[in-house]
Each structure stands twice: as C-alpha cells, then as structure tokens.
Amino acid sequence: MGLYCAPVVRTLPEPGPLQGEGFMKITEIRTYHAHDGARNSVFLQVLTDDGITGVGMPYSIGPDEGVLGVIENMTPWFVGQDPSRIEWLLRRAKNTMRFPLGPAAWSALSGIDHALWDIAGKVAGMPLYRLFGGATRDRVRVYHGLSGATPEECAAEAVRLAADGYTAFKMSPYPPGWSEMPWRAVVRAAGARTAAVRTAIGEGPDIAIDVHATLREPAKAAEIIRAVAPSRMMFVEEPVRPDAVESTARLRRESRTPIATGENLAGIHRFAELIDAGGADIIQPDVLYCGGFLEMRKIAALAEARYVTVAPHNPLGLLSTALSVHLAASIPNFAILEFHSDHLKPKAQFVDRAWAPVDGHFELPEAPGIGMELNLDAIAANPARHWNRGFPTHDDGSPAFI
Ligand SMILES: [Mg+2]
C-alpha cells in the first residue's frame, strides 16, 4: 500500500483583465494637417478616458493624405485599448496589415507611438528619456544646416551660425541647378563649396555634406567624396540611393570619409541589413518615420552592437526636434542631431514651446512626457495646401532625383 499523497491544489489568481475596467482606455485619435508657407505638417493626438492626451508627429511623406487615411483606417484598432501596451498595440497593427509596411503606414504608426509614450510619460510624471533608462548625456549636440547658393553664401552663413554657438554644419555639395550641369563642373563646385566653408570657419567646427540620395553610381559618389575630402568631413550623407546597400557598403570600404545614411529606411530589419553589410559608420533614422521611439531604440541597439553611431534625421520642425532630443538623451551611441533653427520659422507656431539650442546644444527637458503640446488654434488657422518637392530634370529632360 503506497503512501497516499494528497493532491496539491494550487489556487492561481484569476488573470487580471488586459483591457476593461480599471485601465485607462484610448477613446479617440485626432489628426491635424497644416501648411507653414512651404510645406505641410501632419500631427495627431491620442485621447484617453482619463483625460490625458498624447501628441505625435507622423512624417509628412509627400502624399500626406495617405498617412491621414492610414491613421483613420487603423483608429478602431486602438480605441478601447490600454495605451500603456505600446509594443503589443504596434505589433498587432503591423501584423494585421500583413504586407511589409510602406512609408504611409510607418509614418502613421510612428506618430501613434509618440503619443502613446507621451501618455506614459505624463502618467509617470517623467520626461521620456527617463522612462527610456535615464539620461546618457547632459545635453544634446546639434549640427545646423547651411543653405547658401554660392560658396561665399555658404561660408557667410557658417560664420554667422558659428558666432551663435553652433559647432557643426551640414551642406549640399551641389550648386543650384546641378542636375542640368556637366558632371565635371558639379564635382569642382562640390570641392569649392566645402573649401569655402572650411576656410571661413577654421579647423574647429565639423562639416558634413548631404548628397541626398541623388546618385545611382557609386563611382560618381566616390568622386564627390574625393572632392570634398580636403575640407575634412564629419560624414558624407546618402552618397547613393538608400536601398543600394551594397553600393553604400562598397563606398564605405573604399573611402576614408565616414558614411552616414538611413533617413529613408524604416524598421529594424532594413537597418539590420544595412549594418550587417557594413554600409554605414553613422545611421540616421527619423523618429517620425522609422517606427517611433520603440522601433528607433531597437535600431539604435542594433547599431550599438556594431559600434555604429546614430545621428537622427530631423528636418521637420520643433515637435520632431523635441522627440529626437528625448531619443538622443537616452541612447549611448548618439552622435549628433540635425537642426534647422525651427524655432525661428513659421511652423514654430504649431506647437506651444519654441525650444532653442544654447551654444549648439539642447538642454534636457524636465516636463513629463514629450514636454510639448500642439497649438490647435494656429494649426486650424493654417489649413493644408497641395504641395510637392518639385520635379528636377537632367539636361536631356530625364527626371533627376531630388
Ligand atoms: Mg538627408
């Protein structure tokens, strides 16, 4: 007769509701579309039944109505859900769309991600970089764009901005109308433009150029890199098309100038391909497009594992800058942030804070969440208009990349 063992009865607690009573719920997603005199901006708000509202900024990809349509279509996937389940909500949205996401869907989900994190930060009473593990630096260095048409104008603009405290600059290597010029003249102009800036500002500040993915051929990009190299480049950005990972990797192997790219890439898988191929010294994801904070922090971690640094793409304004500052403040492999004096531009009216750098750096914000709200009156007073980026051509009439 064996020993009788009473069965052990474990009383497991009832699983708590993942949604339902006791949890904050998303009640609505509102979108906004405004024109700043040059182009449109897309904004959104995620509202909750607790009265906490999060703000976000999807990338205005060009056909902005596509982004607005995607957000409208996916809003029912979020309404009624717990806004703190960011990974689950975004993963579920990506999976139900089934096909690899395109620019409109990546932009839409990025904006929703911002707003969900903004809500989380407001609930926690902390700025976002603290939720992300805390500040990895005391301030965030920026480079300022140069927009001069001639070498002299570029140099004068750099001198003026250096006097304002900026310590790094990025410029186009191209003169206006370059796509219709003989290629040899374009290469000479690239060397002259960067040399004028270097001579004007001396050896202290950093200079970068942005080829802006205008070239198909790595050999042409290599010629531009050789032309500007005497002016000692911080990096050369998008020397070839962003999907030409092997071309970018070849340039990086053959050049001593750091290669930066990635503003047109979204999601961890595309960045994994780029980094695995040895295609970049510096990656440039945009938090408005690459998938939001959650995806961009994973992308930054992929880069960290390969000693690749992150210089976030940030051309679209102050809310984009605020988002990027939180990201930059929290990752260990941040390099430098793009900036274009957005606090001095008409689009600054679309938000309630005019963040401005001091001595070429942003201070870390202390307000909970993102720390910036939309100015809905200014947005309503400046309705969206049709816009596009233009249609440059080569001298034979064929379309050029912009
Ligand atoms: Mg760029």
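The protein splits into two domains, with domain 1 spanning 26–126 and domain 2 spanning 129–368. Keep in mind that this is a predicted model. The C-alpha centres of the two domains sit 26 Å apart, and the contact between them draws 26 residues from domain 1 and 22 residues from domain 2.

Which helices supply at least two residues each to the side of domain 1 that touches domain 2? They are H2 and helix H3 (103–124). H3 gives the largest share of that side, at 11 residues. Sorted by class, the side of domain 1 that touches domain 2 holds 14 nonpolar, 8 polar and 4 charged residues.

**The sheet**

Now for the strands. Three of them, in the order S1-S2-S3, make an open sheet with antiparallel pairing. In general, strands of a sheet pair through backbone hydrogen bonds, either parallel or antiparallel. Here the edges are strand S1 (26–35) and strand S3 (53–56), each of which pairs on one side only. On average, neighbouring strands of this sheet are turned by 20° against each other, if you ignore direction.

Take the S1 and S2 pair to begin with: these strands run antiparallel and are joined by 9 bridges. Within that pairing, Tyr32 stands opposite Phe43 in S2. The hairpin of S1 and S2 has 4 residues between the strands, and Gly37 in this hairpin takes a positive phi near 100°.

On to the other pair. Strand S2 (residues 40–48) and S3 also run antiparallel, with 4 bridges joining them. Gln45 is the residue standing opposite Val55 in S3.

What lies across S1, S2 and S3? That would be H3, which runs at about 145° to S3. So H3 turns up twice in this picture: against the sheet, and on the side of domain 1 that touches domain 2.

**The helices**

Helix H1 (residues 64–78) crosses helix H2 (residues 86–97), and H1 also crosses H3. Here are the two crossings side by side.

| Helix pair | Axes come within | Crossing angle |
|---|---|---|
| H1 and H2 | 11 Å | roughly 125° |
| H1 and H3 | 9 Å | roughly 55° |

With their crossing at roughly 125°, H1 and H2 are therefore oblique to each other. H1 passes H2 in a right-handed crossing. On the H1 side the residues are Met74, Trp77 and Phe78, and they meet Leu89, Arg92, Ala93 and Thr96 in H2. The residues of this contact divide into 5 nonpolar, 1 polar and 1 charged.

How about H1 and H3? At roughly 55°, these helices are therefore oblique to each other. Their crossing is right-handed. H1 brings Gly66, Val67, Val70, Ile71, Met74 and Phe78 to the contact, while H3 brings Ala104, Ala105, Ser107, Ala108 and Ile112. By class, that comes to 9 nonpolar, 2 polar and no charged residues.

Two H1 residues are worth finding in the viewer: Met74 and Phe78. Both meet residues of H2, and both appear in the contact with H3.

Technical notes
Residues are numbered from 1 along each chain as its sequence is written. This is a predicted model: local features need pLDDT of at least 70, side-chain atom pairs count only at pLDDT 80 or more; totals for chains, interfaces and linings use all residues. Axes are lines fitted to C-alpha atoms, for helices over the stretch in contact, and angles run from 0 to 180 degrees between N-to-C directions. Angles under 35 degrees count as roughly parallel, over 145 as roughly antiparallel, 65 to 115 as roughly perpendicular and the rest as oblique. A crossing is left-handed if the near helix is turned anticlockwise from the far one by less than a right angle, and right-handed if clockwise. Two residues are in contact if their C-beta atoms, placed from the backbone, lie within 7 Å. Ala, Val, Leu, Ile, Met, Phe, Trp, Tyr, Cys and Pro count as nonpolar, Asp, Glu, Lys and Arg as charged, and the others, Gly among them, as polar. Domain bounds come from an automatic or database domain assignment. Two strands pair if DSSP finds at least two bridges between them.
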